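Trainee: I should like to work through this structure with you, one question at a time. May we begin?

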Amino acid sequence: MEADARKAAGMIRDAGSVLVVSHIDADGITAGSIAATTLARLGKPYRIRFEKKMSEDTVSMINGAPEDLVWICDLGSGYLSDFSRPGIVVTDHHVPDPRWRRKQTVLDDFEDVCHVNPHVYGMDGSREVCGAGMTYVVSKAVDPANADLCYLAIVGACGDFQDSDESRLVGYNRVILAEAEGLGLVLSEEDVRLFGRETRNLVQFLQYSGDPVLPGLTENGAGCADFLAGLGISLGDGGRRRSWCDLDDEERERATSALLELAGTPEAARRLFGEVYSVTMHRKGSGLRDAKEFATLLNSCGRYDDAETGMRICMGDPSALRDAKRNRAEHRRNISYALSYVKDRRLIRERRFIQYFDSGDEIRETVVGIVAGMMLNSDSARRDLPMLAFADADDGTKVSVRADRSLIERGLNLSSVMSTAAGLVGGYGGGHNVAAGATIPPDRKEEFLDIVEDIISSQLI
Ligand code: C5P
Ligand code: ZN
């Protein structure tokens, strides 16, 4: 990895101009911000573009870009054999394109790509390091002084749920975390891992928990208020409503023990309690202090055609926060509408090896994957079947699919399911073993589902 990072760093230093292409999600925005800061510090002329996915149009844009070098972050690994220009650095963690072999290819005009991806070094890109992490490794190879960007890699990893399975970051992410803690940029603590430690009031914090489901509290605001009153924890402080981060140590301990008891099973307790990460440069309650909330704020920008606002935040522009918060309010409304839409209309259909819903044009293609993940973890769906979702998109039907990690242990790889099945119906796709996506022709959904089921049944042992 270090040798590849040094090679990439050399190409970046030698280039007269660079185009950065990055993904619109939190990991992509942090990755793009690391790349942009690296180039700005070198005094290199650069442009940055954020993309929803690596479509045919994106590939031709990259192949035809006038810059000396294209640096592709958190995207690109699944489509390596489509690139046909010199000067490409890919810092990504998606499952690599199986058709691509370094310096040997079926395409005559193929040029070598400098590919920095954890899968190549025997690491699991879905858990051990993210696109921002790989971009950070290259950034540090360009100049060790870029180590101060490491906290963005931690935000990116949390944005890609890399801390979910073990309730803490694992693998190479821990190396980056140790650096970030050493520099005083990130603080890790053991705490309740529900979403919204900083910005949700105490009742909402418990009420919208969702995963794990807390009997009597989840989706029950009055129950949450009673629970907190029973523990002698006041909801307000003067006129202000308190958040979880406002509790003193003694209150937090009392509430944590009661929540762990309520969680019931050891598995639920393990999901409820673990490591949480704070970005120390941002003040309490700012929406940027908790790494997960920071990532959600970035997602609220990128998934609504405003990744640039997210990048301004990562690059230290405080004026971007107001715009980002407006985006976040819209994102919250959309997610809450989408979840009720799927639940209230009972849209989920079960087949033998998959469950799925078709949201038509009711859910944006850029957030349908988040909704599929939340449905999978809710009590309205089964956990032992992958959750697939369709959404109408301008260029076809968008597919998103998510699975519980226990299925990965049985052989499931959603990335290859999506690339193979989409390819067979005239679409394209890829991603990670636990989370993947595709775009397919709208009139081939049924056929696509049949193929997806065939492949899943052959993968599972
Ligand atoms: O869009 P969604 O959130 O469902 O994507 C899940 C994962 O699959 C993402 O990491 C995304 O980059 C990847 N993906 C892909 N090719 C596609 C669609 C999604 O590699 N056509
Ligand atoms: Zn990513």
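Trainee: How many residue pairs are in polar contact between domain 1 and domain 3?

Mentor: This is a predicted model, in which local features need pLDDT of at least 70, side-chain atom pairs count only at pLDDT 80 or more, and totals for chains, interfaces and linings use all residues. Residues are numbered from 1 along each chain as its sequence is written, chains are lettered from A and ligands numbered from 1 in the order in which they are written, and side-chain values use heavy atoms, without hydrogens and water. A polar contact is a pair of N or O atoms within 3.5 Å; within protein, one must be able to donate a hydrogen and the other to accept it, and residues adjacent in sequence count only if both atoms are side-chain atoms. With both residues at pLDDT 80 or more, the pairs in polar contact between domain 1 and domain 3 number eight.

Trainee: How many salt bridges are there between domain 1 and domain 3?

Mentor: A salt bridge is a side-chain nitrogen of Lys or Arg within 4 Å of a carboxyl oxygen of Asp or Glu. The side chains of K52 and E365 form a salt bridge, at 3.1 Å from N to O. Between domain 1 and domain 3, the count of salt bridges is five.

Trainee: Which residue has a polar side-chain atom 2.5 Å from an oxygen atom of ligand 1?

Mentor: Around ligand 1 there are 16 residues (each with a heavy atom within 4 Å). A polar side-chain atom of Y79 lies 2.9 Å from a nitrogen atom of ligand 1, while G437 places a backbone N or O atom 3.3 Å from an oxygen atom of ligand 1. The residue with a polar side-chain atom 2.5 Å from an oxygen atom of ligand 1 is H94.
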